[in-house]
Amino acid sequence: MKIGITCYPVAGGSGIVATELGQQLAQRGHEVHFITYAMPFRLDRFQSNIFYHGVETTAYPLFKFPPYTLTLAAKMAEVSRNHELDILHVHYAIPHATCAYLASQLLNGHTRRPKIITTLHGTDITLVGSDPSFYDIARFSITASDGITAVSKYLADETADVFKIDKEIRVIHNFFDETRFSPAKTDCARKEFASDDEVLLMHVSNFRPVKRALDVIDIFDKVSVQLPARLVLIGEGPDTVLARRQINKRNLTDRVNFLGNQHRVESVLPCADLFLMPSEEESFGLAALEALACGVPVIGTSGTGLVEVVEDFKNGFLLPVGDTGSMARAAISLLKDKTRLTEFKTNAAESSRKRFRADKIVGEYEAYYEDVVNG
Ligand code: GMT
């Protein structure tokens, strides 16, 4: 098939899933066209069957805000026409589903109009989509799509509820590339971050308030009172400054390592003993899945989409949002019990492979594409 993919090209979960999906589809022989305003974050090497179409934004004195959505819609229509796309798969509803709808209108009368599939990732619904000013346009654009997918049942239910949508929302979970994400075969670069007698905790996110980076630091602080410990923080975002300030305030500077955005998290993740994801909201938790795939147990929040990813008491623990005391206690007891920790690490690698490996989940996308294209 010929598939156009639009996503945010930055280091967020939706862009990463879209990029990895495009790469997997290209490997399976599909022709994939990325239509984005910059080269997607993980599209960092040449691959055959992948094409990139940059979307320009026009700076004109009259435009206080460059009309990116219009140039994106026009580019979607142009690429669809020139390459006879079968599918335009947009990730993150706002504004991509709206742009795809507009592109489809531009193609009215053209014999081959691509089917539009919108994949909902989370904050497009839970935060942005439900903001009153976006509600109508988000609902309209999502329902106007030929196909809708959500990255968890939790998100599909939330979407149906918030937007009163009775159309099918197909649940297709996030996935990982098992040729890259796997437990440490050697000692990885662990000694760069911690010595043999220290435990190593890790957190990866875009440091938005929803990720509760200060809870990560609080949990780490509590753990390090009981155990010699180090923390590695990966990613960047609006709360990075707050997090640094908190680390200084608690005198943890020499035990915390900030790595910023990393294109290849798989080279660092396997070094960790435990991954922390205490998010307020998490529709799925791709970073948690990537940690599990690297054999790292996860402490996350209950009542979020993480319940579909982390198996409580098997490869991690799920606790209420903000309950850093319980999260720290769970972390300490697991880290102190080496036999149980090894068992959790094995479970993490095995169950993530069984449930979320790329060939299984990408096959689900392909089957869905077939369903939508064949009406
Ligand atoms: O909020 C983020 O962390 C980024 C956001 C995105 O859309 O870029 O991530 C969402 O999509 C990921 C990929 O599907 C999910 O794994 C994340 O759980 C989800 N984030 C939230 O729901 C907060």
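**Figure 1. Helix 1 at the largest pocket of this predicted model.** Five residues come from helix 1, and that makes helix 1 the top contributor to the lining of the largest pocket. Helix 1 covers residues 13-27, and it shares the job with helix 4 (123-129) and helix 9 (286-293): these are the elements that give two or more residues to the lining. In total, 42 residues line the pocket. If you want to find the middle of it, look for Gly 12, Gly 13, Ser 14, Asn 206 and Arg 208, which lie nearest the centre. The space inside comes to about 810 Å³. As for chemistry, the lining splits into 19 nonpolar residues, 16 polar ones and seven charged ones.

**Figure 2. The two domains, with the pocket between them.** Here's the wider setting: the domain assignment splits the protein into domain 1 (2-175 + 357-373) and domain 2 (190-355). Note that domain 1 is written as two stretches, 2-175 and 357-373. Why does the largest pocket lie between the domains? Both of them give residues to its lining, so that's where the pocket ends up. Across the interface, 24 residues of domain 1 touch 22 residues of domain 2. Measure from C-alpha centre to C-alpha centre and the two domains come out 30 Å apart.

**Figure 3. The seven-stranded sheet, with helix 1 packed on it.** Follow the strands across and you get the order 3-2-1-4-5-6-7, in an open sheet with parallel pairing. At the edges sit strand 3 (50-54) and strand 7 (170-171), each of them pairing on one side only. Helix 1, back again from the pocket lining, packs on this sheet and touches strand 1 (2-6), strand 2 (31-36), strand 3 and strand 4 (87-91). The direction of helix 1 makes about 155° with that of strand 2.

**Figure 4. A closer look at strands 6 and 7.** Strand 6 (residues 147-150) runs parallel to strand 7, and two bridges join the pair. One residue pair to pick out is Ala 150, which stands opposite Val 171 of strand 7.

**Figure 5. The six-stranded sheet, with helix 8 packed on it.** This open sheet is parallel too, and its six strands go in the order 10-9-8-11-12-13. Its edge strands are strand 10 (256-260) and strand 13 (316-319), which each pair on one side only. From one strand to the next, the twist averages 20°. Helix 8 (residues 240-249) packs on the sheet, in touch with strand 9 (229-234) and strand 10. Compare directions and helix 8 makes about 165° with strand 10. Further in, strand 8 (residues 199-204) pairs with strand 11 (residues 274-277) in the parallel sense over two bridges. Zoom in on Met 202 and you'll find its bridge partner, Phe 275, in strand 11.

**Figure 6. Two spots to check in the backbone.** Which residues does the cis peptide bond join? It links Ile 94 and Pro 95, with omega at about -5°. Pro 95 has its place in helix 3 (residues 93-106). The other spot is Asn 49, a residue other than glycine with a positive phi, near 80°. You'll find Asn 49 in the loop between strand 2 and strand 3.

Key:
Residues numbered from 1 in each chain as written. Predicted model: local features only at pLDDT ≥ 70, side-chain atom pairs only at ≥ 80, totals over all residues. Heavy atoms only, no water. Pairing = 2+ DSSP bridges. Helix = DSSP H or I, 4+ residues; strand = E, 2+ residues; numbered from the N terminus. Axes fitted to C-alpha atoms, helices over the stretch in contact; angles between N-to-C directions. Contact = heavy atoms within 4.5 Å. 1 Å grid on protein atoms, 1.4 Å probe; cavity = no way out; pocket = protein on both sides within 12 Å on 5 of 7 lines; lining within 4 Å. Points joined across faces, edges and corners; volume = space filled by probe spheres on them. Nonpolar A, V, L, I, M, F, W, Y, C, P; charged D, E, K, R; others polar. Domains from an automatic or database assignment.
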